[in-house]
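Q: Could you take me through the surroundings of ligand 1 in this structure? I'd like a close look at that one part.

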Amino acid sequence: MISKPKGTLDFLPADAFKRLHIEDKLRRIASLFNYKEIRTPAFEKTELFRRGIGEETDIVSKEMYSFNDNEFTLKPEMTAPVIRAYIENSLYNVSPVQKLYYISNMFRHERPQAGRYREFSQFGAEVIGSGDYAADVDLISLGTSFLSDFGLKNLKIKINNIGNLDERRTYIADLKKYLEDYKNHLSSESHKRLFTNPLRILDSKDGKDIEIVKNAPVIFDYLGPDNKSHFGNVLKGLESMGIQYEIDYKLVRGLDYYTSTTFEIASDDLGAQNAVLGGGRYDMLVQQLGGKATPAIGFACGLERLTLVLEANKYEFPEPGNPKIYLVSAGEEAKKKVIVIANELRMKGIFCETDLLNRSIKAQMKDANRLNAGYVCVIGDDELRSGAVKIKNMAGGDETEIALDNIVNFNFI
Ligand code: ATP
Ligand code: MG
C-alpha cells in the first residue's frame, strides 16, 4: 500500500462536505464586504517568495518546497502571489482600491503536528491601495465577522502597530542593545535571531526568552504621530463596532514586509497552535516587488485550524442531503428503464439513486433505507407491462400510483 505524504490530509466525503460548508460561508461573507476572489498558480518563481517574504523568515529559510533547480516553489503563502498578480495585471487601473480574497492550498515543509501540516488551506483577504485606517477596520471586521458568524467564542484579538521602516529601525537598534546584555541567556534560536531578525525574539515561546523580553523597550514609544494616530483610529473603529481587542506590543509578524498594524486572532480552544488568523499592513511590499509604492493590508486564516476550533465548539455542520427517491429495479428490462428514468429525474434537479450492484429487491430496499431516501419506487416486469408504478413515501408508508412515464412529474415533498 502507498500512503499519503507525511503532513498531508485526505478529505473524505464527510470532511470535504464540512469544508464546502465553511467555504460557502466564507465566500458569502467576503462578498457582503465587496471582496472579490482572486486565484493564482499553485507555484511561482522562487524569487517572488525570496523577495516578497524575506530570506530570514522561517518560510524562506527552511519551509519552501522548491523544484527545477530551485527555479519554482509551491506557494507557501498568498500575499506575494496576489501582489505579483496585482502588479503584473495593473489592477490599480481597474480601481484605486482592490479588495481581494482567496481560498487556496499552501505548502510548507514543517514538522507536522496537530494543526500544522505540510499542505494546508487558507482563507485570506487583502486591501490594496489604501493606507487609511478605514481599510484596516474594514479588513479586521471581515476577519471577526466570519468567525462570529460561525458562532465562535473564546476568541482573542491581539493588535499592535510595529511602525514604519524608520521607526522600526530605531526600535530594533534599541531592542538589540537591550538584548545583547542577555545574549548568553537567550535560547539558541533567539540568540541566532539577535543577528538576523531580533524583532522575532519578541514572540519567542521559550520561557527564559519571555522573562528577558518582559522589560525590553516597547515599540509604541517609537511610533511617530502618524502611526500613533493611525493606531488610535483603528482601535476606536473596532470599539465602535463592539469588537473586543487586546493591545499586545510584542505581537510582531514573522514576515519582514509587515509595517504599522499587525493583528492576530487566537482561540483558547486550540493548544499550542492557537493562532487561527494573522495579518497586518505591508505598505512596503508592492514597491519591493517592482510596483509603485502602494499601501496594503491583509490577513490569512488557516482552514484546518478553523475547523478544529469549530469542532471544539461543537459547531453544527449541516447534514448532507438524502436522495429524494430510490428507484428499485427487478429484472434486466426494468434495470434498463430505471437508468433512463433516473437520468430524467436528475435532469429535472431531483436527487435520485439506483442500484449499481445488480442486487435483489430486498437488498435494494435496504440500501434505500440506509441512504434515508424520501421515496422508493419498485419497477419490475409487472410495472413495465401495466405502465403504472407505486411511489412509496418512506416516512408515512403511504403509496401513490402513477404512470411509469410520469414519475418525473410526481409531486415530491
Ligand atoms: P505559526 O506561528 O503558527 O507558524 P505563521 O506565522 O507561520 O503561523 P501565517 O504565515 O501568518 O502563520 O499564516 C496564517 C495562518 O495560516 C495561521 O494563523 C494558521 O492558521 C495557518 N497556518 C500557517 N501555517 C500552517 C500549517 N503549517 N498548517 C496549518 N495551518 C497553518
Ligand atoms: Mg509558521
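A: Here's a walk around ligand 1 and the residues next to it.

First, some housekeeping: this is a predicted model, where local features need pLDDT of at least 70 and side-chain atom pairs count only at pLDDT 80 or more, while totals for chains, interfaces and linings use all residues. Residues are numbered from 1 along each chain as its sequence is written, chains are lettered from A and ligands numbered from 1 in the order in which they are written, and side-chain values use heavy atoms, with hydrogens and water left out.

Now for the shell. There are 14 residues around ligand 1, and Arg108, Glu110, Arg116, Tyr117 and Arg253 come nearest (a residue is near if one of its heavy atoms lies within 4 Å of the molecule). Sorted by type, the shell has six nonpolar residues, three polar and five charged. In that sorting, Ala, Val, Leu, Ile, Met, Phe, Trp, Tyr, Cys and Pro count as nonpolar, Asp, Glu, Lys and Arg as charged, and the others, Gly among them, as polar.

Which strands help build this shell? Strand E6 (119-128), strand E10 (275-281) and strand E11 (296-302) each supply at least two residues. E10 gives the most, with three residues. Strands here are DSSP runs of at least two residues, labelled E and numbered from the N terminus.

Zoom in further and you'll find polar contacts (pairs of N or O atoms within 3.5 Å). Glutamine 122 puts a polar side-chain atom 3.0 Å from an oxygen atom of ligand 1. With alanine 275, a polar backbone atom sits 3.3 Å from a ligand oxygen. Glycine 302 also uses a polar backbone atom, 3.1 Å from an oxygen atom of ligand 1.

So how much of the ligand is covered by the protein? On its own, ligand 1 has 590 Å² of accessible area, and the protein covers 83% of it. Those areas come from the Shrake-Rupley method with a 1.4 Å probe.

How values were computed
A polar contact is a pair of N or O atoms within 3.5 Å; within protein, one must be able to donate a hydrogen and the other to accept it, and residues adjacent in sequence count only if both atoms are side-chain atoms. Helices (H or I, at least four residues) and strands (E, at least two) are DSSP runs, numbered from the N terminus.
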